[in-house]
Amino acid sequence: MFGPSDAPLFGVFHPSTAQMRAKRAVLLCNPFGEEAIRAFRPFKRLAESLAADGIPSFRFDYHGTGDSAGADDELSLEGMTQSLLAAHEELQDLSEAREIYWVGLRLGAWPVLAASNDARPAGVILWEAVADGPAYLEELKALPSHADEALGFPIPVALAERLKAGLPAAPDGVPVKLIGRDMLFGQRPLTPARSEEWNSDDALNSFTMPVETLGLIQLEIAAW
């Protein structure tokens, strides 16, 4: 656990397997709700692969999600952003790396963008970032569930209102790379050689792993 003593956050540090001090480290930022469950295995696989390549990483749960403190209905973009900043500091302390890179998956791209001007990461990768907040909100509400929920995960009012306001702006002076389908900030995304699925019931139930996408992310981090 890390972060505020009265509202601790849960995180997992994956140290480098190399003996030398790491030059860079990677912070992995979850998506929302059911997608966070589906992202668990790919992010764990990426963290283990990075560690084997001499790059430590850190996975964590935002306030109000997973094993971190806070109720489900307390989730907000501001809270996600503050959790990310706390995780960034924790990774800096644990890894002693000079360069910290962030990877934001789906809605995880939003706190990455919102926090980048404060913590100034060495670079960020937005993986299949949610590009259209209002459209994403409608997608969540269309999923089979009770009112104001998405597959059993509450959609807090504060989060819904922030989604309606649209994607946070691109950070000033922080390099951004896109992995996925949507063009953002006038930039075309990088795509793996073949299409891969991670965000579906079939992928979850069959333990499908987006190996080429994870390899592309790792290559792009190494190229910085």
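## Helix crossings and charged pairs

Helix 2 passes helix 3 in a right-handed crossing. That is a good place to start a walk through this structure, which is a predicted model. Helix 2 covers residues 77-95, and its axis comes within 9 Å of the axis of helix 3, the two crossing at roughly 55°. With that angle, helix 2 is oblique to helix 3. If you would like to see who makes the contact, look on helix 2 for L77, M80, T81, L84, L85 and H88, and on helix 3 for W110, P111, V112, A114, A115, D118 and A119. Sorted by class, the contact of helix 2 with helix 3 consists of 10 nonpolar, two polar and one charged residues.

Now turn to another pair of helices. Two packed helices are described by the angle between their axes and the distance between the axes. For helix 1 and helix 7 (residues 211-223), the angle is about 45° and the axes are 10 Å apart. Helix 1 and helix 7 are therefore oblique to each other, and helix 1 passes helix 7 in a right-handed crossing. On the helix 1 side you will find P42, R45, L46, S49 and L50, which meet V211, L214, I217, Q218 and I221 of helix 7. The contact of helix 1 with helix 7 divides into seven nonpolar, two polar and one charged residues.

While you are at helix 7, pause at L216, which is found in this helix. Is L216 buried or exposed? Its relative accessible area is 16%, so L216 is buried, the cut-off being under 20%. Setting aside neighbours within four places in sequence, L216 is in contact with I179, L190, T191 and P192. For a sense of distance, compare the positions of L216 and Q92: they are 124 residues apart along the chain, and their C-alpha atoms are separated by 24 Å.

Next come the charged side chains. Side chains of opposite charge can pair when their charged atoms come close. How many salt bridges does a search of the whole structure find? The search finds six, and we can visit some of them here.

Begin in helix 1 (residues 34-52), where E34 and R38 lie four residues apart, about one turn of the helix. Their side chains meet in a salt bridge, with N to O at 3.6 Å. Both E34 and R38 are buried.

E35 of helix 1 has a partner elsewhere in the chain: the side chains of R106 and E35 meet in a salt bridge of 3.1 Å, N to O. Why does this pair tie together parts that are 71 residues apart in sequence? The reason is that R106 lies in the loop between strand 4 (99-105) and helix 3 (109-119), whereas E35 lies in helix 1. R106 is buried, with a relative accessible area of 12%, and E35 also counts as buried, at 11% relative accessibility.

Finally, move along to helix 5 (residues 157-165), where E161 and K164 are three residues apart and so separated by about one helical turn. E161 forms a salt bridge with K164, in which the closest N and O atoms are 3.2 Å apart. Here the side chains belong to partly exposed residues: E161 has a relative accessibility of 44%, and K164 has a relative accessible area of 46%.

Terms used: Residues are numbered from 1 along each chain as its sequence is written. This is a predicted model: local features need pLDDT of at least 70, side-chain atom pairs count only at pLDDT 80 or more; totals for chains, interfaces and linings use all residues. Side-chain values use heavy atoms; hydrogens and water are left out. A salt bridge is a side-chain nitrogen of Lys or Arg within 4 Å of a carboxyl oxygen of Asp or Glu. Buried means under 20% relative accessible area, exposed over 50%, partly exposed in between (1.4 Å probe, protein chains only). Axes are lines fitted to C-alpha atoms, for helices over the stretch in contact, and angles run from 0 to 180 degrees between N-to-C directions. Angles under 35 degrees count as roughly parallel, over 145 as roughly antiparallel, 65 to 115 as roughly perpendicular and the rest as oblique. A crossing is left-handed if the near helix is turned anticlockwise from the far one by less than a right angle, and right-handed if clockwise. Contact means heavy atoms within 4.5 Å. Ala, Val, Leu, Ile, Met, Phe, Trp, Tyr, Cys and Pro count as nonpolar, Asp, Glu, Lys and Arg as charged, and the others, Gly among them, as polar.
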